[in-house]
There are 2 protein chains.
Amino acid sequence: MPSLTRKAETFSALVLEVFQLNGLLLQAGDRLSAPAGLTSARWQVLGVIDHGPATVAAVARTMGLARQSVQQTADALAKEGFVEYVDNPHHQRAKCVSLTAAGRRALRKVEQAHAAWADRLGASIAPALLAAAVEGVREARLRLEKDLGVEARPHEG
Amino acid sequence: MPSLTRKAETFSALVLEVFQLNGLLLQAGDRLSAPAGLTSARWQVLGVIDHGPATVAAVARTMGLARQSVQQTADALAKEGFVEYVDNPHHQRAKCVSLTAAGRRALRKVEQAHAAWADRLGASIAPALLAAAVEGVREARLRLEKDLGVEARPHEG
DNA sequence: GAGCATTTGACAGGAACCTGTCATAATGAC
DNA sequence: GTCATTATGACAGGTTCCTGTCAAATGCTC
């Protein structure tokens, strides 16, 4: 690499750590949700609409993903019976994604496993260090969002 | 969610932050490497073999990815002329991936942009906070690796 | 050296994200 | 009310990761 400053090196170290942790978290999420017949991505969508039915576009905005990514996940969930599209009084075309009984059952199951997992991991790290990690990563995220410009989130094509 | 403990809530907050930061970092990486005709994934492979030619399997181990993921990226890089497969004296079948002149040129270009970017971002965060973030995320990664078991990295199928 | 396990690249297929394009529904300017 | 703009879902296609399977090359045991 072309001589990085000390700050640049520390930031790069954070990048590498975040990449690796992200991969492990996805792996852990898949493991938590697999017994319920779900994956990380599908579980997260169910979690969003647990607060109430929402359109695909609204879910995408909540999750910070592209609209079409969530569309694909929602279609898959519908095909497998975890969600259903219900009429939206506010929009003729944009139906709402709603949990089915099976979806709610699966979600509850994953949430129980998730609670135990998060407690186990959260308790394994010194509270001050864990809090500092959250704060530091949030700060980095905010700076990066600003650095990337207002177009930080995926938008329409 | 089913009543999470305080530690579990903090850990979950870290998870959400890491997911979001990861997405933004990929976006930033793509933006840095696009002017050189690369993407985040391809740039990273070039970075590994900049230290010297290596087999696809060796690159995968270095990056912590599945062998076949890197195989695909390397094949794409070869097709576009950024790398070439050269004979490996130690193995008849497993050729080494080696930078071409064009690959080296592209890599240098991205590295310059990356250095400026990392310095800008690294300097925008209080040094103590940045260091704490690195330490906290690393700790979380290590705990999670242990929690997931020895099978933490992708392995052969 | 013969035989078996491991490593490797090739090939196939799937999951989850992305972008772009299109027609339709909603919204806002006038 | 009309018309341009925006939001939305459907559809198509691409990238990057994954897994599984196979044959060839290597390495290890004996």
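Which helices and strands of chain A and chain B each supply at least two residues of the surface near DNA strand D? In this predicted model, the contributing elements of chain A are helix H3 (56-63), helix H4 (67-79) and strand E3 (91-99), and those of chain B are helix H2 (40-49), helix H4 (67-79) and strand E3 (91-99). The largest share of this surface, four residues, comes from H4 of chain B. By class, the surface near DNA strand D is made up of seven nonpolar, eleven polar and six charged residues. Of the 24 residues around the strand, those that come nearest are A:Arg61, A:Arg67, A:Gln68, B:Thr39 and B:Ser69.

On the side of the nucleic acid, 54% of the atoms of DNA strand D within 4 Å of the protein belong to sugar or phosphate, and the rest belong to bases. Individual side chains illustrate both kinds of approach. A phosphate oxygen of DNA strand D lies 2.3 Å from an N or O atom in the side chain of B:Ser69, and a phosphate oxygen of the strand is 2.6 Å from an N or O atom in the side chain of A:Gln71. For A:Arg93, by contrast, the partner is a base oxygen of DNA strand D, which is 3.2 Å from a side-chain N or O atom of that residue.

The relation between the two protein chains was examined next. A turn of 180 degrees, with a shift of 0.1 Å along the axis, lays chain B on chain A with an RMSD of 0.1 Å. The two copies are therefore related as by a two-fold rotation axis, and the C-alpha of chain B nearest that axis is that of B:Ala133, at 2.1 Å from it. Of the interface residues of chain B, 100% are also interface residues in chain A, so the copies meet through the same surface.

Chain A contains six helices and three strands, and from the N terminus on its elements follow the order α-α-β-α-α-β-β-α-α. Along its principal axes, the C-alpha trace of the chain spans about 55 × 40 × 25 Å. Buried residues account for 43% of the 157 residues in chain A. Among contacts in this chain with a separation of 6 or more, 50% join residues 24 or more positions apart.

In soluble globular proteins, nonpolar side chains tend to be buried together. The largest nonpolar core of the model has 90 residues, and the residues with the most contacts inside it are A:Trp117 and B:Trp117. Beyond its sequence neighbours up to four places away, A:Trp117 touches A:Leu25, A:Ala28 and A:Leu32 from chain A, together with B:Phe11, B:Val15, B:Leu144 and B:Asp147 from chain B.

Two further residues of chain A were considered individually. A:Asn22, which is placed in helix H1 (residues 6-33), has a relative accessibility of 9% and, being under 20%, therefore counts as buried. When residues up to four places away in sequence are not counted, A:Asn22 touches B:Val18, B:Phe19 and B:Asn22. A:Arg104 is found in helix H5 (residues 101-123) and, at 39% relative accessibility, counts as partly exposed. With neighbours within four places in sequence left aside, A:Arg104 is in contact with A:Asp50 and A:Leu99. A:Arg104 and A:Leu25 are 79 residues apart in sequence, and their C-alpha atoms are 23 Å apart in space.

Key
Residues are numbered from 1 along each chain as its sequence is written. Chains are lettered from A and ligands numbered from 1 in the order in which they are written. This is a predicted model: local features need pLDDT of at least 70, side-chain atom pairs count only at pLDDT 80 or more; totals for chains, interfaces and linings use all residues. Side-chain values use heavy atoms; hydrogens and water are left out. A nonpolar core is a set of buried Ala, Val, Leu, Ile, Met, Phe, Trp, Tyr and Cys residues joined through side-chain atoms within 4.5 Å. Buried means under 20% relative accessible area, exposed over 50%, partly exposed in between (1.4 Å probe, protein chains only). Contact means heavy atoms within 4.5 Å. A residue is near a molecule or strand if one of its heavy atoms lies within 4 Å of it. A polar contact is a pair of N or O atoms within 3.5 Å; within protein, one must be able to donate a hydrogen and the other to accept it, and residues adjacent in sequence count only if both atoms are side-chain atoms. Ala, Val, Leu, Ile, Met, Phe, Trp, Tyr, Cys and Pro count as nonpolar, Asp, Glu, Lys and Arg as charged, and the others, Gly among them, as polar. Copies are superposed by least squares on the C-alpha atoms of residues with pLDDT of at least 70 in both.
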